[in-house]
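Please walk me through this structure, beginning with the chain as a whole and then turning to one of its helices.

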Amino acid sequence: MTIQVAKISAEQFHHIEVPGGLRFELVNGEVIVSPSPRSYHSHAVAGLIAILRTHIRAYDLGRLFTELDTEFSPLDVRRPDLMFATKKQLKKIDPNGAASSDDAELIVEVISLGSDRTDRVIKFQQYAKAGIRYYWIVDPQRRTFEAYVLTGKSYRSHVKASGDAVVRAKPFVDLAIPLQELWW
């Protein structure tokens, strides 16, 4: 038996109606479906939003987005947990549409059940290839925080911390992030 997979474009993907409780991304033209994140994931994202949004607004740095479809190629659309766009990058974002990888200064992925390899390997490589300058990986179950800086075409480790540490990471080096605010 032969199984065929019909690939779709990013443009077609944006017209899919997504049922509640599911999360859709487009990877190499194929729709990938995953369950909505669990409470520990949601709590970590909410904590980061509270901390980052306050800082971004106070200094008028740009905008913070959550769960925004972001195109990396005509066949790849990811939905990062958080994406930060500078004021300059905001000028290119259509308020009624998806973002482009060119619109992101920072992407944050919070590890969920089953997303470890995707976030640490696949998206790590994809985001570096797309030129995302800063990438943070937060693991609320292991209580770890990792920040990476794009150097050339690959990421180098910038900050690694765990537990109740207070971290400062690019692009917000003047912001202290108390990790205990992120853990359930």
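**From the whole chain to helix α2**

For 184 residues, a compact globule would have a radius of gyration near 16 Å, and the chain agrees, with 16 Å (taken over C-alpha atoms, the rule being 2.2 Å times the number of residues to the power 0.38). This is a predicted model, in which local features need pLDDT of at least 70 and side-chain atom pairs count only at pLDDT 80 or more, while totals for chains, interfaces and linings use all residues. Residues are numbered from 1 along each chain as its sequence is written, and side-chain values use heavy atoms, leaving out hydrogens and water.

The secondary structure comprises 4 helices and 13 strands, which are DSSP runs numbered from the N terminus (helices H or I, at least four residues; strands E, at least two). Of the 184 residues, 44% are buried, meaning under 20% relative accessible area, as against over 50% for exposed and in between for partly exposed (1.4 Å probe, protein chains only).

Helix α2 takes in residues 39-58, and its 20 residues should span 28 Å at 1.5 Å a residue (times one less than their number), which agrees with the 28 Å between its end C-alpha atoms. Its buried residues include Tyr40, Ala44, Leu48, Ile51 and His55. Seen down the axis, the buried residues of α2 fall within an arc of 160 degrees, so they line one face of the helix; the arc is that of the directions from the helix axis to the C-beta atoms. The face turned away from this buried side carries the exposed residues Thr54, Arg57 and Ala58. Among the elements covering the buried residues of α2 are the strands β3 (62-66), β6 (82-86) and β13 (172-178), with contact meaning heavy atoms within 4.5 Å. Just after α2, Asp60 takes a positive phi of about 50 degrees.
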